[in-house]
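Colleague: Please take a close look at the aromatic pairs in this model. Then work outward from there to the strands and pockets.

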Amino acid sequence: VPEDHVPLTTSSHPTFYWYLDTDLFAPIRLTIPEPGEPSEIYIRNWSKGKHGLYAVKLPEQVQPIQVGKQYRWTVTVICNPEKPSENFYEKAWVERVT
């Protein structure tokens, strides 16, 4: 996703996509925090990252994303669970519209 563009969705529980171009021996994590809050509305972990396209739909039992709010979602490669500064990550934004 370009850094100067916020994709829009009409879905309350959208699907998030990303591509991993290599197999990893490190765990990966998807996080979607509540805007302006320290808590996440959704976290999903994988024990190892496999190359390929990922598609993760926000489950219906999770609170919906709200109209007019921008959500930053992040995929993190956890290289060192004890030192988060050593992890690699990519982030993107999504905004729900009517």
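Modeller: I start with the rings, then move to the sheet, two loop residues and the pockets.

This is a predicted model, where local features need pLDDT of at least 70, side-chain atom pairs count only at pLDDT 80 or more, and totals for chains, interfaces and linings use all residues. Residues are numbered from 1 along each chain as its sequence is written, and side-chain values use heavy atoms, with hydrogens and water left out.

Rings of Phe, Tyr and Trp (its six-membered ring) pair if their centres lie within 6.5 Å; planes under 30 degrees apart count as stacked, over 60 as edge-to-face and the rest as tilted. The count by this rule is five aromatic pairs. One of them joins Trp-18 and Tyr-54, which are stacked at 4.9 Å centre to centre, with 5° between the planes. Trp-18 sits in strand E2 (residues 15-20) and Tyr-54 in strand E5 (residues 52-57), so this pair ties together parts 36 residues apart in sequence. Strands (E, at least two residues) are DSSP runs, numbered from the N terminus.

Buried here means under 20% relative accessible area, exposed over 50%, and partly exposed in between (1.4 Å probe, protein chains only). Trp-18 has 10% relative accessibility, so it counts as buried. Tyr-54 is buried too, with a relative accessible area of 10%. The ring pairs link a cluster of Phe-16, Trp-18, Trp-46, Tyr-54 and Trp-73.

Trp-46 leads to the sheet. In E4, Trp-46 stands opposite Ile-28. E3 and E4 run antiparallel, joined by six bridges. Two strands pair if DSSP finds at least two bridges between them. The open sheet has five strands in the order E1-E7-E6-E3-E4, with mixed pairing. Its edge strands are E1 (8-9) and E4 (40-46), each pairing on one side only.

Now the loops. Pro-14 lies between E1 and E2. Pro-14 is buried, at a relative accessible area of 7%. Its C-alpha atom is separated by 5.8 Å from that of Leu-58, 44 residues apart along the chain. Contact means heavy atoms within 4.5 Å. Leaving out residues up to four places away in sequence, Pro-14 touches Thr-9, Val-56, Lys-57, Leu-58 and Ile-65.

Glu-34 lies in the loop between E3 and E4. Glu-34 is buried, with a relative accessible area of 11%. Its contacts, again not counting residues up to four places away in sequence, include Ser-39, Gln-63, Lys-69 and Tyr-71.

Last, the pockets. On a 1 Å grid over the protein atoms alone, a pocket is an open set of points where a 1.4 Å probe fits, with protein on both sides within 12 Å along at least five of seven lines; lining residues have an atom within 4 Å of a point. Points are joined across faces, edges and corners, and a volume is the space filled by probe spheres set on them.

The largest pocket holds about 460 Å³. Of its 18 lining residues, Val-75, Tyr-89, Glu-90, Lys-91 and Ala-92 are the closest to its centre. E2, E6 (70-77) and E7 (88-96) each give two or more residues to this lining. E7 supplies the largest share, six residues.

The second largest pocket holds about 270 Å³. Its lining includes Arg-29, Glu-40, Arg-72 and Tyr-89. E3 (28-33) and E6 are the elements that give two or more residues to this lining.

Definitions and conventions:
Helix = DSSP H or I, 4+ residues; strand = E, 2+ residues; numbered from the N terminus.
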